[in-house]
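Got the viewer open? Let's take a short walk through this structure, one selection at a time.

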Amino acid sequence: MEFFDNLAKIDNIEDALFQLKSLQSITPKIAQALEDTKKFHNGQLRKSGIPYVIHPICVACIVAYYGGDEAMICAALLHDTVEDTLCESSYIYDNYGDSIGDLVDALTKIVEIHNEELSSKTSNKKNIAQALSFRKILLASIKDIRVLVIKISDRMHNMLTLDVLSTKKQVKISEETLVVYAPIAHRLGISSLKNELEDKSFYYIFPNEYKKIQSYIMQEKQSLDLRLNNFTEKVTNLLLNNGFLRDNFKIQSRVKRMYSIYLKMQRKGININEMLDLLAIRIIVKNPLDCYRALGVIHTNLKPIPSRLKDYIALPKENGYQTLHSTVFDESMAYEVQIRTFDMHKNAELGIAAHWKYKTGGVSPNTAWLQNMQYDNNTIEEFYQLATNDLYREDIIVFSPAGEIFTLPMGSVVLDFAYAVHSEIGDTAKEALVNHQKASLLQKLKSGDIVRIITDPSIQTHCTWIDSVKTSKAKNHMKIICNNKIKAIDKIVAVNILATIFNKDRSIFEDFIAKHDLKNKIDRAANDLIFLKDVKNQIKTKCHINNNFFAMMKFRSVKLKPIQFDNLIFYTNLGINEVTFDYCCHPKYGDAIVAIKNNQKVVIHHKLCEKARELIDKGVHQLFVKWIMSAKTRYDIIVAFENKQGIVANFLLVLARCQCNVLKIEYDSYNNTFAPLCKVIIETDRNDTDKIKEILQRKYKVIKFSNLKDVYQDI
């Protein structure tokens with residue numbers, strides 16, 4: 001994009017100011033902000049050696065280009081003063097007022113919010129950095145979405161000036177840009193910014209792949225340009241011959257963007273010369289009716305691919321995007337055709353900013369997602385999963401029987417729809433009708449489905465379904481219900497464990513818990529060995545002090561000793577001869593479990609098993625049990641296979657030779673495509689996983705190889 005190319009070349013204050021003045025009239029307040037930013041950043045240099053003040057001025061240029069108001073431009077100019085100079089926050093408020101002060105304060109807080117805001121299952125700070133970036137930006141933007149536009153503009157200018165940094169820093173910043181900033185630009189509907197952020201990140205993260213694609217496009221440039229020009233001329237003549245006036249439409253042509261090409265190649269497992277929609281044209285017309293007229297002309301005269309027709313005008317995307325999409329064949333070549341109005345074009349390029357800059361009509365980006373992303377009581381890993389799922393997703397559109405539209409992420413199931421309607425509908429969903437046919441609550445939905453939910457107040461949430469739903473609303477709501485359910489079970493389990501240790505009726509311990517204010521935290525004793533021992537010792541001490549507490553009690557030793565059976569460890573003062581898993585619930589390694597003692601035998605149930613719950617409520621003997629966490633590490637591999645007989649079997653054989661245990665395999669269903677992609681989860685105790693990846697890459701096209709304990713970084 002020419003604007004960003006010009007901005008990247010600016011290396012002096014005069015050129016930066018000239019660029020800003022060409023985009024925005026300098027009001028007295030903006031002039032004051034310029035003077036202050038020059039004063040506070042005086043003497044500071046960037047890594048490149050150029051004056052630091054050029055950066056905030058260039059950020060203000062980007063904000064101005066996207067229609068930012070006076071307050072946003074002033075905040076862009078001042079955004080680093082409180083963080084990086086002697087300027088105090090109070091100075092900004094006193095001299096610029098609350099509007100600009102709040103924006104600068106929010107931008108400063110993005111940097112200042114401490115990492116302790118979210119708990120993590122791991123203590124590796126490197127693992128959680130990107131999730132924290134999400135959290136910081138979102139928290140700081142709740143009150144004013146303009147903060148997001150300024151922050152993305154700040155990151156855009158940083159991406160334009162990455163060349164002076166080390167390769168390690170270039171990759172780190174680019175990875176964060178790709179998973180944090182580009183998705184936010186996408187949700188705000190600012191496609192031009194999203195595209196630039198993605199392509200710049202791609203250049204630094206995958207330089208070899210970038211050069212290969214760039215080389216192909218340069219080599220084929222003459223041929224591609226000729227095809228695009230011929231196709232553009234053909235479409236122009238078709239429109240002119242079918243009632244369109246030359247001044248009433250405009251046609252743009254392009255080769256698909258670099259990062260989009262790369263993603264398509266990876267998802268489909270194809271080479272660049274196999275891509276169907278490498279070339280595209282965009283027809284821009286005056287009104288929505290002309291969009292459909294133009295589509296009719298195209299489809300009447302060229303062969304469309306039915307599955308590639310999408311109407312985002314009648315059914316806009318949640319970020320406000322409106323365009324007709326189609327792919328057609330012409331002379332054995334496929335072309336993507338987009339058709340939109342001039343207003344829709346502005347909205348597509350500028351998103352939410354178009355409504356500030358041009359006061360355009362049409363559909364505004366839905367910003368409710370920002371409020372919805374305040375997930376409670378989540379670990380960083382959970383937050384990251386929910387946030388990325390909400391921010392950067394391919395959408396489908398489904399309907400209620402009354403015709404109400406619901407936008408859901410690709411891969412959503414019926415239960416996701418139920419929760420999208422209302423959380424109470426999701427909680428009490430019993431069965432469903434999809435397109436008037438009976439359907440499972442876990443049936444995947446596709447665009448255009450009409451869904452009716454039948455509820456029953458007596459239905460209880462199926463906690464085992466949490467991994468099957470796609471939307472964060474469904475996952476988060478179900479998780480809260482299930483965590484509360486487990487906490488209620490743990491309260492009873494803890495009492496049963498204590499009663500088993502002391503071999504007394506559990507009512508005695510219920511009284512003890514009530515008298516010693518343990519009611520709200522006794523559930524910890526079912527999972528926290530230290531807390532269990534502490535409560536046990538309190539009871540033992542009480543017995544010695546008050547002889548009537550356990551009248552005439554002659555209790556056995558209450559010292560808890562570890563007893564290990566395979567990958568389970570029990571802490572008990574009793575003997576165990578046998579451990580079995582009950583047939584009713586089949587708990588898997590890592591599931592929440594309970595141990596029920598029957599003489600010298602222990603039976604393991606899933607904690608949410610209904611049969612186990614009946615026994616627990618009756619007060620059966622129970623033991624403290626934990627899984628022995630494996631020293632082995634799990635990895636998630638996604639590989640694109642050639643269409644060869646036996647290739648999957650050979651791949652699994654290679655993994656076996658590398659001492660990898662295959663835990664799960666999904667073939668031909670990953671990412672909702674029909675491409676020959678395979679997702680495999682393995683477990684290994686080898687430390688040289690780079691060597692495993694290298695062995696696999698010699699024979700196979702490995703798209704992803706990542707540690708499941710570190711969902712943010714590929715190996």
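Start with the open sheet: select its 3 strands, which run in the order β10-β9-β11 with antiparallel pairing. Bear in mind that you're looking at a predicted model. Now colour β10 (437-439) and β11 (451-455): these two stand at the edges. Each has a single partner strand, so one side of each is left without a neighbour in the sheet. Tilt the view a little and look for the twist: on average, neighbouring strands here are turned by 30° against each other, direction ignored.

Next, zoom in on β9, residues 429-434. Its antiparallel pairing with β10 covers 3 bridges. Pick alanine 432 and look across: alanine 439 in β10 stands opposite.

Keep the sheet on screen and add helix α20, residues 414-421. Which strands does α20 touch as it packs on the sheet? You'll find β9 and β11 there, and the helix direction makes about 80° with that of β11.

Time to move to a pair of helices. Select α12 (residues 207-219) and α14 (residues 258-268). Their axes come within 10 Å and cross at roughly 110°. An angle from 65 to 115 degrees counts as roughly perpendicular, so that is how α12 and α14 lie to each other.

Now show side chains where the two helices meet. On α12, pick Glu209, Tyr210, Ile213, Gln214 and Ile217; on α14, their counterparts are Met258, Ile261, Tyr262 and Met265. Colour this contact by class and you get 7 nonpolar residues, 1 polar and 1 charged.

Terms used: Residues numbered from 1 in each chain as written. Predicted model: local features only at pLDDT ≥ 70, side-chain atom pairs only at ≥ 80, totals over all residues. Heavy atoms only, no water. Axes fitted to C-alpha atoms, helices over the stretch in contact; angles between N-to-C directions. Helix = DSSP H or I, 4+ residues; strand = E, 2+ residues; numbered from the N terminus. Parallel < 35°, antiparallel > 145°, perpendicular 65-115°, else oblique. Contact = heavy atoms within 4.5 Å. Nonpolar A, V, L, I, M, F, W, Y, C, P; charged D, E, K, R; others polar. Pairing = 2+ DSSP bridges.
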